[in-house]
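Please look over the sequence and the structure shown below before reading on. The report that follows takes up a few local features in turn.

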Amino acid sequence: MPQPAKKYPRTTPIYSFAALKSRQREVKDRAEYEVVHLTENGNAAYVLCSEEVFAQEKEKAVAEALFEQELKDAVLQGREDIAAGRYTVGAGAAIARMREIWSE
């Protein structure tokens, strides 16, 4: 039975700074829908993208940072709850505790 093709993440487009002169349309077309990295003398130097892509990337970064903070807060709260004895063991005890809380 054949294996399904693996999906690899897309590679980031990387162009030399000189490509802005020799392949300007191609670079700008890519920058319309994704972040393009530009190198100078073989080293990372600049990034280029449209305003829309920039706004999307900022929104994505903010969402990821907020999620990461929520996750950290949940872990810290869980550790505090365990240290204070606020936990149950087993499904039956958890269900009973939930019913107790909901009936309050």
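## A nonpolar patch on the surface

Which residues make a nonpolar surface patch of about 430 Å²? In this model, which is predicted, the patch is made by I95, M98, I101 and W102. One of these residues, I95, is found in helix α4, which covers residues 91-102, and I95 counts as partly exposed because its relative accessibility is 39%, between the limits of 20% and 50%.

Helix α4 also holds R97 and E100, which lie 3 residues apart, about one turn of the helix. An α-helix has 3.6 residues a turn, so residues three or four places apart point the same way. R97 forms a salt bridge with E100, and the closest N and O atoms of the pair are 2.7 Å apart. Both partners are partly exposed, R97 at 35% relative accessibility and E100 at 43%.

## The largest nonpolar core

Turning from the surface to the interior, the largest nonpolar core has 6 residues in all, namely Y15, A19, V27, A31, V36 and L38. The elements that give two or more residues to this core are helix α2 (24-31) and strand β2 (36-40).

One member of the core, A31, is in contact with V36, L48, C49, S50 and V53, when its neighbours within four places in sequence are left aside. C49, in turn, touches A31, E34, V35 and F54, again without counting residues up to four places away in sequence. C49 is found in the loop between β3 and α3, and it counts as partly exposed, with a relative accessibility of 25%.

## Salt bridges

How many salt bridges does the structure hold? There are 6 salt bridges, and among them is the one between E26 and R23, whose closest N and O atoms are 2.7 Å apart. E26 is partly exposed, with a relative accessible area of 35%, and R23 is likewise partly exposed, with a relative accessible area of 39%.

Another salt bridge joins the side chains of R30 and E34, with a distance of 2.8 Å from N to O. Here the two partners fall on either side of the 20% limit for burial: R30 counts as partly exposed at 23% relative accessibility, whereas E34 counts as buried because its relative accessibility is 12%. E34 is also one of the residues that C49 touches.

## Helix α3 and its surroundings

Helix α3 consists of 33 residues, from 51 to 83, and at 1.5 Å a residue it should span 48 Å; its end C-alpha atoms are 48 Å apart, which agrees with that expectation. The C-alpha atoms of C49 and R79, two residues that are 30 residues apart along the chain, are separated by 42 Å.

Just after α3 comes G85, which takes a positive phi of about 80°.

## A positive phi in the loop after β2

Where does N41 lie? This residue is in the loop between β2 and β3 (43-48). The phi of N41 is near 55°, which is a positive value in a residue other than glycine. Is N41 buried or exposed? N41 is exposed, because its relative accessible area is 77%, and the cut-off for an exposed residue is over 50%.

Methods. Residues numbered from 1 in each chain as written. Predicted model: local features only at pLDDT ≥ 70, side-chain atom pairs only at ≥ 80, totals over all residues. Heavy atoms only, no water. Core = buried A, V, L, I, M, F, W, Y, C linked by side-chain atoms within 4.5 Å. Buried < 20%, exposed > 50% of the residue type's maximum accessible area, 1.4 Å probe, protein only. Helix = DSSP H or I, 4+ residues; strand = E, 2+ residues; numbered from the N terminus. Contact = heavy atoms within 4.5 Å. Patch = residues over 30% accessible without salt bridge, like charges linked within 9 Å, V, L, I, M, F, W, Y side chains within 5 Å. Areas by Shrake-Rupley, 256 points an atom, 1.4 Å probe, with all protein chains shown as cover. Salt bridge = Lys/Arg side-chain N within 4 Å of Asp/Glu carboxyl O. Expected span 1.5 Å × (residues − 1).
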